[in-house]
Amino acid sequence: MSKLKKNEDEHYVAPFSAEVSFDELQDAPPSGKFRLSITGKIGVVVMVFWMFVALFGQFLAPFEENDLPFPDDYSEFQKPRPGAWLGTDVDDRDILSRVMYGAGRTIGISLAGVIIAYIIGVTLGIGSSIAGARIDLALTQFFNIMLAIPTIMFGLVVVAALGSSIPVLIITAGAIFSPVVFRLSRALGMEIMVMDFVEAAKVRGEGYRWIIFKEIWPNAAMPLISDFGLRFIYVILFVSSLSFLGLGVQPPMADWGSMVRENLGALQYGESVVPILAPAIAIASLTVGINLIVDDISAHAGGKLSGRL
Amino acid sequence: MFPILIKKIGAGLLTTLGVSIVIFIGTNLLPGDAAQIRLGQASTEDSLKALREELGLNLPLYQQYFRWLFNFVQGDFGTSLASGNVTIAQLISDRYENTLIVSSLTAMIGVPISVGLGIIAAMFPGTLYDRILTLGSVTLVAAPEFFTATLMVLFVVFFLGIGNAVVVGSIEDKNLVELITHFILPITTLCLVIAAQLIRMTRAAVLNVMSSPYIEMAILKGIPRRRVVMRHALLNAIGPIVNVIAINLAYVVTGVIVIEVYFGYSGLATLIVQGVQTRDYILIQTLGMIFCATYVILMLIADLSSILSNPRLRHPK
Amino acid sequence: MEKKVVFEASNLCINAVRDDGSELPIVKEVNFQVREGEVVALIGESGSGKTTIALSALGYCKPGLKISGGSTLLFDQDLSAMNIEELRQIRGEKVAYLAQSAIATFNPALKINEQVTESAVIHGSKTQPEADSFAKGLYGALDLPDPDNIGTRYPHQVSGGQLQRLMAAMALCGEPSLLVLDEPTTALDVTTQIEVLKAFKKVIRERGAAAIYVTHDLAVVAQIADRIVVLYNGDVQEKGSAKAVISEPRHPYTRRLMQAVRPLPAAGEKAKENILPDNVIEINGVSAGYGGDVMSNPKEVILKDINLQLARGEVLGIIGESGSGKSTLARVIAGLLPSFEGDILLDNQKLQPRLEDRPRSELRKIQFVYQMADTAINPKQTIGNILGRPLEFYLDMYGSKRKDRVLELLEMVELPKEFYTRFPHELSGGQKQRINLARALAAEPEVLLCDEVTSALDSIVGANVIELLRGLRKNLGVSFVFISHDLSTVSAFADTIAVMYKGIIAETGTVHKVLSPPSHPYTDLLISSVPELRVGWLEEADKNIQEAKNKLEQGNLT
């Protein structure tokens with residue numbers, strides 16, 4: 001039963017050879033390489049698909065966004081049929097083509113918006129974490145006020161003031177989402193600033209530039225990148241919601257959010273669900289796809305990300 | 001502990017004040033002032049000047065702000081620019097019921113169910129139940145409100161064949177059950193939207209506590225699982241959970257805007273969209289303040305709950 | 001007469017399960033018994049599997065681990081065959097656990113008494129009033145103040161040492177037959193450690209409970225254990241009675257462990273090698289503190305009127321317990337915390353109090369070595385860049401010159417050249433500490449400020465680092481300010497010692513002078529609290545410790 005059932009009182013010494021050195025054991029290797037789960041892989045496929053459509057959709061679409069597929073047979077909300085595989089919308093335009101045109105707009109505006117939010121938020125956030133207490137307090141207070149205004153509300157007021165155009169939408173989205181990015185990057189910056197290696201750099205006499213770019217940034221990059229995905233989702237939802245409220249992308253330009261709005265009648269009068277379902281599924285599949293990827297990444301990073309939201 | 005509470009409440013007030021400045025300045029950037037809009041095409045230089053003086057628009061901006069703030073705090077919101085001579089208070093009192101009912105019913109139904117589901121998921125991490133719930137909430141949390149709403153309409157109206165896709169009819173003299181059936185689509189949609197977040201965040205909050213050494217200690221002391229969760233874990237998770245609830249209720253405040261438009265019934269949210277479309281900036285100012293103040297209060301509750309639940313602060317040395 | 005066997009592990013194997021499903025053995029065919037009234041120590045360094053083995057006595061594996069073979073028998077019942085409910089019945093009732101950190105293992109939201117008594121009440125062995133009065137008795141037996149009321153407090157309202165003893169009460173309240181103690185005194189200051197150790201020993205003996213005592217500290221083991229099991233990498237290396245293992249260790253690993261425990265040096269002046277007559281650093285009347293206006297009038301004054309000299313080539317040891325201000329002193333010298341009074345002279349030149357006002361040439365001369373290598377080196381930089389940066393920054397070395405010098409530095413701290421391209425996470429704790437040291441050396445400093453550089457390391461690794469420091473000192477002529485809470489480490493390496501107590505220098509002088517009587521009562525307390533590696537020391541030391549304490553309390557601070 002046992003390999004060495006001995007008398008417990010005996011002084012037992014394990015066999016050893018003279019050469020064996022009892023060196024310090026290596027630290028456990030870092031948790032395995034990052035691998036996507038099945039759901040994460042599905043997310044990647046969906047995201048790549050929509051990125052492709054966003055880039056090339058308008059060249060591949062069977063019709064121009066405002067063309068009628070059946071000029072001789074005008075009737076709103078036609079059921080899917082050959083020539084218009086997703087049917088037609090409230091103005092008898094081809095839904096498939098409009099979804100393909102809308103992809104570029106919805107994704108493009110959101111991506112540009114989230115990039116602006118990141119440029120503002122990360123610069124000021126990291127800056128705030130190493131600047132003096134006074135600047136930090138002023139910036140934090142300012143962004144706290146901005147955070148206290150619900151995003152949609154903010155968007156509504158800006159659009160009311162400046163009118164709705166694509167540049168306004170991009171800048172608004174960037175401005176609205178920069179406080180959240182600011183808060184995250186400031187928190188990350190603060191967290192890293194108190195690490196001994198940053199203090200070691202200060203004791204060495206390093207300037208701000210070295211501390212920001214060589215000590216803080218490499219350690220903040222990964223969490224910021226995975227948050228970027230999440231923020232991208234929220235910007236897509238924001239831009240689509242504004243369009244849905246009629247204050248985003250203006251007709252006759254196609255955009256997923258405004259397509260839902262235009263065709264709301266189809267559902268309300270019980271005519272057809274495709275005109276609404278198609279753009280709604282487009283948005284949902286894209287955002288859910290990105291979220292599945294982000295979820296995998298944050299699970300790999302120890303799920304810390306969700307705690308920061 | 002009191003100094004911290006007072007500090008937090010003070011900070012909340014200051015934030016509200018800051019928000020009011022942002023809203024006031026923001027709405028003042030809107031093209032045209034109240035006098036121009038009210039007089040419209042019929043305006044002359046003299047009549048504009050007279051009306052501006054009457055409305056105080058010739059005063060410096062900061063004086064206008066204090067005047068507005070002073071009136072606002074006293075409940076005098078001013079008169080709508082777009083809807084003839086109707087006061088803002090009148091407009092709001094006509095509309096607030098729908099919004100209030102839908103939001104509070106959502107909170108009453110959605111919050112306890114979601115928090116419960118989240119806690120159960122955290123009690124049995126990695127089980128099939130947990131995985132389904134997690135995947136479901138990962139999906140729903142990222143989907144736009146109108147996608148969830150469309151699914152609800154498909155299910156309720158097209159599949160079950162109940163009611164229709166628009167909320168119609170009066171809510172007068174309805175009891176609770178009738179109200180719930182009346183608003184079944186907006187309520188279930190909003191519940192699903194916040195449930196996704198709430199389940200995820202509650203689960204994370206409880207799991208975070210469950211991984212503490214004192215929980216391991218309780219298990220090693222031979223404490224039954226029920227008691228470990230109910231007494232040892234939940235007591236420490238209450239703060240974070242209330243925090244999560246407040247954050248999500250604050251989200252309802254904005255989520256409700258899209259839902260009202262989608263289901264085509266009128267409430268405060270549609271009123272603000274209408275205000276934006278008609279550039280009725282006095283209406284926007286007032287509603288903006290109401291929404292933001294609600295938001296700030298909920299966030300303050302979130303903050304206070306985490307302070308109050310900290311035993312170190314409740315029982316100082 | 002054969003005593004009853006309380007716990008027996010036979011051929012116990014425990015594996016870690018990785019994410020990809022593959023398994024890694026953590027514990028390999030371990031055999032040992034614990035008999036009635038007997039304390040068995042599991043001793044080993046990190047990675048030895050000692051905690052994992054100890055937890056198996058409660059039928060518990062940490063998440064990610066699983067028992068893959070062998071058996072664990074508690075009173076001849078197989079723990080691995082029990083279901084959750086059966087395990088719950090024995091946990092807390094027959095076998096109880098004491099963890100390393102009481103602060104983490106007490107639930108912050110519940111009162112102490114509830115946590116102490118709940119296990120006994122839930123298992124039905126005592127009613128709540130019975131458990132309450134039993135607990136009060138335990139508080140008294142553990143020398144806790146105010147036994148009648150201490151249970152009504154919350155965990156954060158008592159001190160760390162008290163909480164550690166309260167945890168013992170929590171374990172003993174169910175009157176278990178077997179106690180599992182996992183490094184229960186490691187996190188404590190030396191003087192507190194002795195008190196807690198004494199209290200543990202007393203209650204274990206009085207109650208005749210059997211115990212498994214997990215630790216890395218041989219000197220502690222010598223005081224409390226009847227038998228010792230020495231573990232390395234999940235395998236038993238040596239096993240026998242405490243007397244036998246300590247007085248005649250047979251396995252080379254045990255011998256190395258013993259060598260790493262440094263006894264206090266015998267009295268007698270050390271030869272003053274390499275020490276030159278001039279002072280590198282002079283600290284004259286320095287006071288510093290935190291909060292408020294740090295530069296002129298801080299809210300909380302930590303250091304009061306510090307006067308110290310460090311001769312060129314000398315090692316100045318600074319010793320004190322947590323809160324004594326020893327780390328603050330290092331920060332003041334480095335300029336991280338400006339002093340508000342007094343001067344620091346470097347090479348007879350006055351140093352600016354603030355780091356920002358010091359020129360680069362002065363910064364180069366004083367280098368700081370941090371305690372935790374894990375946080376002190378940037379995880380996202382290669383070793384080559386970590387060591388190369390000071391070369392660029394202070395010495396204008398670039399390109400191949402820089403690389404050659406980095407390789408030299410690696411050699412100096414006895415690390416292979418291949419480390420040049422590695423990242424910190426690919427290194428072990430001791431290797432990281434060497435990199436940490438090499439980075440400071442790269443600046444070619446005159447003074448190294450070493451803040452607890454060995455206290456986060458295992459004893460053998462720590463001893464090797466001290467050995468390395470000695471060699472560097474001999475070859476490079478660097479002066480050291482060596483800060484530690486561990487008197488034996490300091491006195492083994494330092495030429496002079498400054499004893500810090502509540503922000504002042506209680507005593508200073510050569511190692512010989514400080515260690516030989518008459519000393520400051522606090523120094524006496526420290527000296528008498530250092531455990532010696534022999535059985536029976538605890539009982540003898542007790543008298544001296546009490547004497548020193550009494551003197552300290554009387555305010556006899558001359």
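## Close-ups of a predicted three-chain model

**View 1. Strands β1 and β4 of chain C, side by side.** Phe7(C) stands opposite Leu74(C), a residue of β4(C). This is a predicted model: local features need pLDDT of at least 70, side-chain atom pairs count only at pLDDT 80 or more, and totals for chains, interfaces and linings use all residues. To find your way around, note that residues are numbered from 1 along each chain as its sequence is written, while chains are lettered from A and ligands numbered from 1 in the order in which they are written. The view shows β1 (residues 5-17) and β4 (residues 65-74) of chain C, an antiparallel pair held by 8 bridges. Strands pair when DSSP finds at least two bridges between them. The elements named here are DSSP runs, numbered from the N terminus: helices are H or I with at least four residues, and strands are E with at least two. Another partner to look for is Ser71(C) in β4(C), which is bridged to Ser10(C).

**View 2. The open sheet of chain C and its edges.** Stepping back a little, four strands can be followed in the order β2-β1-β4-β5 of chain C, with antiparallel pairing. Where does the sheet end? Its edge strands are β2 (23-35) and β5 (77-78) of chain C, each of which pairs on one side only. As a reading aid, side chains in a regular strand alternate between the two faces of the sheet.

**View 3. The hairpin of β4(C) and β5(C).** These two strands are antiparallel and joined by 2 bridges. Leu73(C) has Asp78(C) of β5(C) as its bridge partner. Between the strands lie 2 residues, and Phe75(C) takes a positive phi near 50 degrees in this hairpin.

**View 4. A strand pair between chains A and C.** Here β1(A) meets strand β10 (residues 235-241) of chain C through 2 bridges, and the two run antiparallel. Look for Tyr12(A), whose bridge partner in β10(C) is Lys239(C). The strand from chain A is the 1 strand in that chain, alongside 11 helices. From the N terminus, the order in chain A is β-α-α-α-α-α-α-α-α-α-α-α.

**View 5. The contact between chains A and C.** Widening the frame brings in 29 residues from chain A and 45 residues from chain C (two residues are in contact if their C-beta atoms, placed from the backbone, lie within 7 Å). On the side of chain A that touches chain C, β1 (12-13), α6 (196-204) and α7 (208-244) each supply at least two residues. The largest share, 7 residues, comes from α6(A). By class, this side of chain A has 13 nonpolar, 7 polar and 9 charged residues. Ala, Val, Leu, Ile, Met, Phe, Trp, Tyr, Cys and Pro count as nonpolar, Asp, Glu, Lys and Arg as charged, and the others, Gly among them, as polar.

**View 6. The contact between chains A and B.** This one takes 38 residues from chain A and 43 residues from chain B. Which elements of chain A give two or more residues to the side that touches chain B? They are α3 (133-147), α4 (151-162), α7, α9 (264-268), α10 (274-300) and α11 (304-308) of chain A. With 10 residues, α10(A) gives the most to this side. The side of chain A that touches chain B divides into 26 nonpolar, 11 polar and 1 charged residues.

**View 7. Two domains of chain C and where they touch.** An automatic or database domain assignment supplies the bounds: domain 1 (36-66 + 92-260) and domain 2 (279-516) of chain C. Their C-alpha centres lie 35 Å apart. The contact takes 10 residues from domain 1 of chain C and 8 residues from domain 2 of chain C. In domain 1 of chain C, α7 (190-207) and α10 (252-260) each give at least two residues to the side that touches domain 2. The largest share of that side, 4 residues, comes from α10(C).

**View 8. Chain C as the setting for the close-ups.** Chain C holds 21 helices and 20 strands. Its C-alpha atoms fill a box of roughly 70 × 60 × 45 Å along the principal axes. The radius of gyration of chain C is 26 Å, which agrees with the value near 24 Å for a compact globule of 558 residues; the radius is taken over C-alpha atoms, and the globule rule is 2.2 Å times the number of residues to the power 0.38.
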